[in-house]
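Biologist: I am new to this structure and would like to learn how to read it. Could you take me through a few features?

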Amino acid sequence: MAAILAVHAHPDDIEHLAAGSLAILAAKGHTIRIATLTAGECGSASTDLADTGRIRKAEAAAAASLLGADYRCADLPDLGVFNDDRCRRAVTELIRWARPDVVITASPADYHPDHEAASQLVRDACFAASVPNYRTGPAMALEAIPHLYFMDPIGGRDREGRRVVADFAADIAAGFALKAQMLSAHVSQADWVARQHGIDDHLGSMQAWSRRRGRDFGVAVAEGFRQYRHEPYPKTPRLQDLLGEALVMAASHGPP
Ligand SMILES: [Zn+2]
């Protein structure tokens, strides 16, 4: 059995982009851990920072518990995630805590600065976590660099509007109901997403994106992933193998 860490910037990002795959992996008996770098405490116009952070961490923990997953927050500031020394040490400690074989994180290009910084931080922390003399806190250094994967960006596009092509996808039909349940645990976000993003139907936007990725890969609903393969990160297809019959390799991307 493997340990899989899904880590992203804010509560509910993982529910949009990877929770169906996590549900499938959890059903196979793998250990899932979910982490966010921030509590998403800026994600409200009706409650203050402290209350919003508390509410959103509780929602994230409730969503994770539906998978039987532990949840942890690195407590970096919302809209204050930067690729600097303090943040890299905090994220490295988080990865050492999770002791993952596989890490799935944010896309390097995405709509939100915290997402892009999270992607860089997690990438570099996967390396740093295996360096014993890089000290971060109580958690022990990892024995090896974990396999690293990127989720899709929100909406599947980079900042210039170009479509981001996934290496492979998970057919999430078997995990879709749980994914929807997990996103629904983020009760506080329905009003916020309507106000800030003009999206009246939080759950519907996730469903539409999952169907869109499904069309790209010839299945009903899917989540796309890319593997980070630069030196000295592991290049073997660990997540692909863990997905088993849910793995879909043949992308047939439609018009841009
Ligand atoms: Zn986010």
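**Reading the sheet and a helix pair**

Modeller: Happily! This is a predicted model. Let us begin inside the sheet: strand 1 and strand 4 run parallel and are joined by three bridges. Across that pairing, Ala6 faces Ile104 in strand 4.

Biologist: How many bridges join strand 1 to strand 2?

Modeller: Six, and these two strands also run parallel. Val7, for instance, has Ala35 in strand 2 as its bridge partner.

Biologist: Is strand 1 mostly covered or not?

Modeller: Mostly covered, with five of its six residues buried. Helix 5 (residues 113–128) lies across strand 1, strand 2, strand 4 and strand 5, and runs at about 165 degrees to strand 4.

Biologist: What is the order of the strands in the sheet?

Modeller: The order is 3-2-1-4-5-7-6-8, in an open sheet of eight strands with mixed pairing. Strand 3 (70–76) and strand 8 (247–248) are the edges, each pairing on one side only. Strand 8 runs antiparallel to strand 6 (residues 168–171), and two bridges join them. There, Ala169 has Val248 as its bridge partner.

Biologist: And how do I read two packed helices?

Modeller: Packed helices are described by the angle between their axes and the distance between those axes. Here, the axes of helix 6 (residues 176–184) and helix 8 (residues 202–217) come within 10 Å and cross at roughly 145 degrees. The crossing is right-handed.

Biologist: Which residues meet there?

Modeller: From helix 6, Phe176, Ala180, Leu183 and Ser184; from helix 8, His202, Leu203, Met206 and Ser210. By class, this contact has five nonpolar residues, three polar and no charged ones.

How values were computed. Residues are numbered from 1 along each chain as its sequence is written. This is a predicted model: local features need pLDDT of at least 70, side-chain atom pairs count only at pLDDT 80 or more; totals for chains, interfaces and linings use all residues. Axes are lines fitted to C-alpha atoms, for helices over the stretch in contact, and angles run from 0 to 180 degrees between N-to-C directions. Helices (H or I, at least four residues) and strands (E, at least two) are DSSP runs, numbered from the N terminus. A crossing is left-handed if the near helix is turned anticlockwise from the far one by less than a right angle, and right-handed if clockwise. Two residues are in contact if their C-beta atoms, placed from the backbone, lie within 7 Å. Ala, Val, Leu, Ile, Met, Phe, Trp, Tyr, Cys and Pro count as nonpolar, Asp, Glu, Lys and Arg as charged, and the others, Gly among them, as polar. Two strands pair if DSSP finds at least two bridges between them. A residue is buried if 20 or more other C-beta atoms lie within 10 Å of its own, exposed if 12 or fewer, and partly exposed in between; C-beta atoms are placed from the backbone.
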